[in-house]
Each structure stands twice: as C-alpha cells, then as structure tokens.
Amino acid sequence: MARTLCKRIMVLALTLVSLVLLTHSVGYAEYGDVVINKYSDDAGIRPVVFPHWFHRVRYRCKVCHADLGFKFKAGGNDINMLKIINGEYCGACHNGEIAWSVDNCDLCHSAKPKTPTQVHESTMQKLIRPTGAPK
Amino acid sequence: MIRSKFLTSLALTLGVAGLFLSGIPTRDASAADPNAFNRLMQPPSKRNPPPASDGIHDPSSVGTKALQTPREAFAKFPEGISGNYVDWVKAFDSKKIAPRFDRKDPNAKPVIMDLTIVRQVKGSMPDVVFPHKQHTELLDCSNCHPAIFVPQKGANQMSMASMLLGESCGVCHGTVAFPISECRRCHAQAKDKATKTSGAKKPTAK
C-alpha cells in the first residue's frame with residue numbers, strides 16, 4: 001500500500017519535473033527553417049519542417065526556386081502529397097533516386113502539431129511573433 | 001507506516017528540488033539572475049541545436065531523431081555573425097560547399113553576370129553595392145526579375161522598412177540569406193563627398 005502511494009508520488013513528481021523542463025525549452029531552430037502547415041493539422045499529421053540550411057549545402061537556390069517553381073513564400077506553394085508522388089515540388093528529388101522517397105513520412109512531417117506556417121528566425125517573425133509552437 | 005511517510009516526504013522533497021533546479025540548466029543565465037547581461041539574446045551555446053531540442057521539431061517523432069544536427073554540418077564552415085552563424089558566401093567561395101546548379105547534372109555550370117550596381121542612398125549611410133555576380137551564382141534571373149525588381153535603372157523604390165516587412169531584398173535577406181541587420185555587407189561604399197554636396201553647394205560661376 002505504502003509502496004504504491006510512494007510510487008505514485010514519485011511518478012507525479014517526475015511528471016511535474018518533465019513538464020517544467022518542457023515548458024522551459026526555447027525555440028532555437030535554424031534560421032530559414034520553414035514550417036509548412038497548410039493542410040497537415042487538418043489531415044491529422046505533423047506539419048512539415050523544411051530545413052533551408054541542409055538543402056543549400058547541396059543545391060543552389062535556383063534549382064528549387066526556378067526549375068521546380070517553389071515561390072519565395074512560406075505557405076505560398078500549393079503542395080500536396082499527390083503532386084509530390086507525381087514528381088512535382090519535393091517529389092522532383094524525394095523519389096528514392098536523388099533523395100529518400102516519400103514513404104519516410106516522419107522525416108518531413110516532424111514539427112510539433114499546431115505549429116503555424118512560418119519561416120523560422122526570419123526578420124518578420126522576430127518582429128511580430130514567436131514560433132507559435134505549442135510547448 | 002513511518003517508513004512510508006518518510007519515503008513520501010523524501011519523494012516530495014526530491015520533486016520540489018527537481019522542479020526548482022530544472023529551470024536552471026534549460027535556460028541561460030538570465031533565469032538565475034534577472035539582471036544578467038544579454039537577457040534577451042540567444043547564448044552561443046544554444047546556437048545550431050539538434051532538431052529534437054530546437055523548439056519546432058516534435059521530439060516525440062521518430063523522424064526527428066534521424067535528422068542531422070546543424071552544428072555537426074557547420075563544423076568546418078566559416079563562421080558568420082547572425083542567421084545560421086555560417087558565412088555562406090565565404091563557404092561557397094572557398095568551396096567548403098559545392099551546391100549543384102542542376103537537380104541531376106552535378107557538372108552543370110551557371111551563366112554568371114558580373115555587373116555591380118551602386119545605389120546611392122538618401123541618408124547618411126554608405127551607398128549600397130549590389131553584386132550580380134554572387135546572386136547569379138545561385139539564382140536564375142527570373143527569380144528576381146521582373147516580379148521583385150524591375151530590370152530598369154531608377155524603377156525600383158525600396159526602403160529598409162519595406163525590407164523588414166519582407167519586400168524587395170527582404171524576400172531573401174531576412175529569411176535565408178544574411179539578414180539586413182548585417183548592414184555593412186550592402187552599405188559598403190563610402191559616399192563620394194563631392195557628389196554628396198554637389199546639389200547643395202554648387203560653386204557659383206564667375
């Protein structure tokens with residue numbers, strides 16, 4: 001009896017500690033990380049995080065922004081999975097040949113649920129609002 | 001009974017102590033000292049964190065754990081002063097990065113336009129030097145012209161305020177390219193004193 005109570009209290013204390021740890025974490029994601037949440041939340045999947053830094057090491061801006069037609073605006077491109085599997089947008093490379101294919105859902109759909117569409121760390125975002133990611 | 005009470009109080013004490021202490025290591029010094037220096041600044045130790053602790057990735061997602069930590073990727077790149085804290089132009093020029101120009105062909109080469117434009121600015125700041133060279137290394141003409149900049153001298157009104165709001169240069173500079181807080185990278189050319197004062201103090205013809 002006493003053991004169970006004790007265990008419960010320990011669990012409660014640990015939960016509280018981890019809660020505090022979580023709420024204290026600050027959004028320090030990379031400059032230029034784009035969160036895309038046009039359809040994700042509604043579709044019940046995590047929003048997408050696109051890391052500019054990772055891609056710019058491998059490709060010049062022009063490849064995506066001219067050849068593939070990505071507009072210079074977070075949320076300004078009407079991207080969906082059908083287009084991607086048909087080889088448009090991300091699917092031009094994420095096809096299992098140039099880069100890993102779309103069945104790795106979690107690698108892109110990796111943002112905290114309910115995180116709004118944004119360019120993380122952008123000047124606009126710093127002026128107006130924090131990440132908006134739920135704690 | 002006594003033992004259970006002791007354990008209960010021990011657990012509570014540990015919990016409370018944990019609560020108190022947990023705030024310190026996750027925050028910078030500001031949490032401990034309200035009058036610490038740089039209260040609102042991101043401490044260098046917090047830069048380029050692993051995705052799981054960066055605030056926007058979901059640490060409970062399996063995919064998040066597979067993603068690369070930027071700090072690891074940036075280790076050998078020249079340091080910058082803001083943004084990703086990488087000087088991307090230097091990294092490119094010194095071939096620390098060799099980004100492809102074509103999706104499939106690793107040998108495709110861009111057509112470089114080596115035309116530098118100097119824009120005289122109204123205020124006291126040095127004039128702006130815009131190098132087409134660095135921009136055409138990475139971008140296609142159609143990325144900027146004609147939607148963002150009309151390719152015609154004097155046709156483009158721009159201001160720092162509009163850039164802050166993400167227009168003109170601010171489309172990229174402030175989202176992915178070096179932010180406009182790195183003033184001197186554009187405001188690079190000292191104003192010519194003669195031209196600056198020519199309007200106001202014209203020598204009178206005798």
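**Exercise 1. Find out what the model says about residues 197–206 of chain B, and set this beside residues 15–30.**

Start with confidence: pLDDT, the predictor's per-residue confidence from 0 to 100, stays under 50 over residues 197–206 of chain B. Next, look for contacts, meaning residue pairs whose C-beta atoms, placed from the backbone, lie within 7 Å. For 197–206 of chain B, the model has zero contacts beyond four places in sequence.

Now zoom out: chain B averages a pLDDT of 84, and 78% of its residues score at least 70. Residues 15–30 of chain B also have pLDDT below 50, but that stretch has 25 contacts beyond near neighbours in sequence.

A word on ground rules: this is a predicted model, where local features need pLDDT of at least 70 and side-chain atom pairs count only at pLDDT 80 or more, while totals for chains, interfaces and linings use all residues. Residues are numbered from 1 along each chain as its sequence is written, with chains lettered from A and ligands numbered from 1 in the order in which they are written.

**Exercise 2. Work out how the strands of chain B pair.**

Strands here are DSSP runs of at least two residues (E), numbered from the N terminus, and two of them pair if DSSP finds at least two bridges between them. Begin with E1 (116–119) and E2 (127–131) of chain B: they run antiparallel and are joined by four bridges. One to click on is B:Val118, whose bridge partner in E2(B) is B:Val129. Then follow E2(B) to E3 (187–189) of chain B, again antiparallel, over two bridges. There, B:Asp127 stands opposite B:Gln189.

**Exercise 3. Locate the largest nonpolar core and say which residues touch the most other members.**

A nonpolar core is a set of buried Ala, Val, Leu, Ile, Met, Phe, Trp, Tyr and Cys residues joined through C-beta atoms within 7 Å; buried means 20 or more other C-beta atoms within 10 Å of a residue's own, with C-beta atoms placed from the backbone. The largest core has 13 residues, and the best-connected members are A:Val34, A:Val35, A:Ile36, A:Val48, A:Val49 and B:Ile56. Strands E1 (33–36) and E2 (48–51) of chain A each supply at least two of the core's residues.

Take A:Val35 as a test case: leaving aside neighbours within four places in sequence, its contacts include A:Pro47, A:Val49, A:His120 and B:Ile56. A second, separate core has six residues, among them B:Phe74, B:Phe77, B:Val86 and B:Phe92.

Key:
Buried ≥ 20, exposed ≤ 12 C-beta atoms within 10 Å, placed from the backbone. Contact = placed C-beta atoms within 7 Å.
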